[in-house]
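Visitor: I am new to reading models of this kind, and I would like to ask how the words used for them are justified. Could you show me the model and take me through it?

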Amino acid sequence: MNRTTISLIGATVALAAVTGIAVVTGPDGAAAPASPQSASRRPVERSALLCPAPSSSEVGETTYTSFTPKGTGTGTGAGTGTGTVAKADGHRGTAVLTPAPTAKDGRADAGKTGKDSQGNEDSKGKKPGRESGTAAAGQGDAKPVAPLAQAGKPVTATTDRADAPALVGTAEGTLAPGWSVQQTTAIAAGGGRGLQGLTCTAPDTSFWFPGVSTEKGRQDYVHLTNPDATPAVVDLELRGKSGSLASASGEGITVPPHSTLPVLLSTLTAAPTPDAALHVAAREGRVGASVQAADAKLGGDWLPAAADPGPVAVLPGIPADATSVHLVAVAPGDADADLKVQLATPSGLITPAGLESLRVKSGMTASVELGGVTKGEAGSLVLTPANGSKAPVAAALRVTRGTGGKQEMAFLPATRPVGARATVADNRAKGGTLSLTAPEKGKDAKVKVTASAGSGGGEPVSKTYTVRGGSTLAVEPPVPPGLRGSYALTVEPAAGGGPVYASRTLTLPQGGLPAFTIQTLPDDRGTVVVPGARQDLSLLLD
């Protein structure tokens, strides 16, 4: 066996900056941490985001908001108006979204319903609609949508087309670090009415969606979008309170290149099943995945993927006036999960009455109705291991506001911590609530919140908040002076504090309907730690 030393000469740095991943392994295959002297944090050089087709409703209007925060790796030069920005060193950045056509679901039972993803009857010859800000056009139109011109100022685009397509987005160079796109749709009537909001997702190979349903009165579609030039092959598995809801129709689903495919979840099982969990796994390629849920009584919203299964789950930002909070958790591993259930309130951690713990059996889901658990104060649900359990779980909440015939639902999945920085776009002058949670008792956190310039004008402004360990702080976010249009919020915890989790609730009432949507703020992964250019990697070769 010969021992050969290969100098990386910066190759790992370049790879990490493009992919956002940097792993150095030693001769035994274990991860080899880079020394503080050789490691550095570098901005990513390319980001990809995928936005599903927003709505087939003829009374819906969708706003796309694209934003990259100022900071490491971003330039501030004047843009050209086509998504390109110059930097002092001559490097340039781009951030654009382009339409992706909808593929046909070729499964034998895919067409058993004549309803679309809003629960409305399908129809052809829908109105052409109107657009602004280079908004999404028909499915064959490749015009860019909301091209970003510079960091620190959002760009918006709107459309009311019933055939608005999914979007595939790429940001490169100076506009890649922290790039975020928000998709917000207001639907005045019909199935899925209300406010539907989603932070467009990065492509991946695995997603968990606790809280999906195939019961009567619900129409849940998973939207699969393939950003790449080769087909993606995806397996869809539903799990319920008794385990896997086996169905061959969810296996080996092909998503063609640069296209999107909506799949109705009720076609995956013959038994109507509430409180289920969906696992999306790409066996070939990668996809973006989001679930659009429409309820006959509670309206509709997007259910984003929960944070990867782990022993701890934090679900930040339950609105103070929530009338119903419904938890669904799944234990995807080989062991049962025992969880301690706590609510992080403004004054500290408490245990909801009658719910000291929750057991989730291996491979199954468990659900619990928490009712009006917040009792007029915003809070966050914190699930931690109990009885020595280390089994991973994924979890999400269905949150309802309003009463009687004026009820509206939104979803709040478990999320990753804010980490170094997180951003949410499409904030308005009124109707926003920012929730900050420091779930670990005794570990306070200071958080800087920056409101960007407005899409149509206004000056950025920052404010710092202190979040006590074990509590939730819900605030009206700062608003840019002279605001015109919408703006973005960027959250940055100070070093040395406890972990912070965050969400933004956007409320845009429609008559007497309390229409709202909730978006979490996980770390934007705008930078990555990579080894230094001079670091050597020793490989053992035969």
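Guide: Let us begin with S213, which lies in the loop between β12 and β13 (218–226); helices (H or I, at least four residues) and strands (E, at least two) are DSSP runs, numbered from the N terminus. This is a predicted model, in which local features need pLDDT of at least 70 and side-chain atom pairs count only at pLDDT 80 or more, while totals for chains, interfaces and linings use all residues. Residues are numbered from 1 along each chain as its sequence is written, and side-chain values use heavy atoms, with hydrogens and water left out.

Visitor: Why does S213 count as buried?

Guide: Buried means under 20% relative accessible area, exposed over 50%, and partly exposed in between, with a 1.4 Å probe and protein chains only. S213 has 3% relative accessibility, and therefore counts as buried.

Visitor: What makes the pair of S213 and E215 a polar contact?

Guide: A polar contact is a pair of N or O atoms within 3.5 Å, and within protein one must be able to donate a hydrogen and the other to accept it; residues adjacent in sequence count only if both atoms are side-chain atoms. Here the backbone nitrogen of E215 lies 3.1 Å from a polar atom of the S213 side chain.

Visitor: And L175, in the loop between β9 (166–172) and β10: why is L175 called buried?

Guide: L175 has 0% relative accessibility, so the word buried applies to L175. The C-alpha atoms of L175 and A151 are separated by 6.4 Å, although these residues are 24 residues apart along the chain.

Visitor: How do you know that β32 and β33 pair?

Guide: Two strands pair if DSSP finds at least two bridges between them. Seven bridges join β32 (residues 445–451) to β33, and the two strands run antiparallel, so the condition is met. K448, for example, has T464 in β33 as its bridge partner.

Visitor: Which sheet do these strands belong to, and what makes a strand an edge strand?

Guide: They belong to an open sheet of four strands in the order β30-β35-β32-β33, with antiparallel pairing. The edge strands are β30 (422–427) and β33 (461–467), each of which pairs on one side only.

Visitor: What kinds of residue make up the lining of the largest pocket?

Guide: The lining divides into 24 nonpolar, 13 polar and eight charged residues, where Ala, Val, Leu, Ile, Met, Phe, Trp, Tyr, Cys and Pro count as nonpolar, Asp, Glu, Lys and Arg as charged, and the others, Gly among them, as polar. β3 gives the most to this lining, with four residues.
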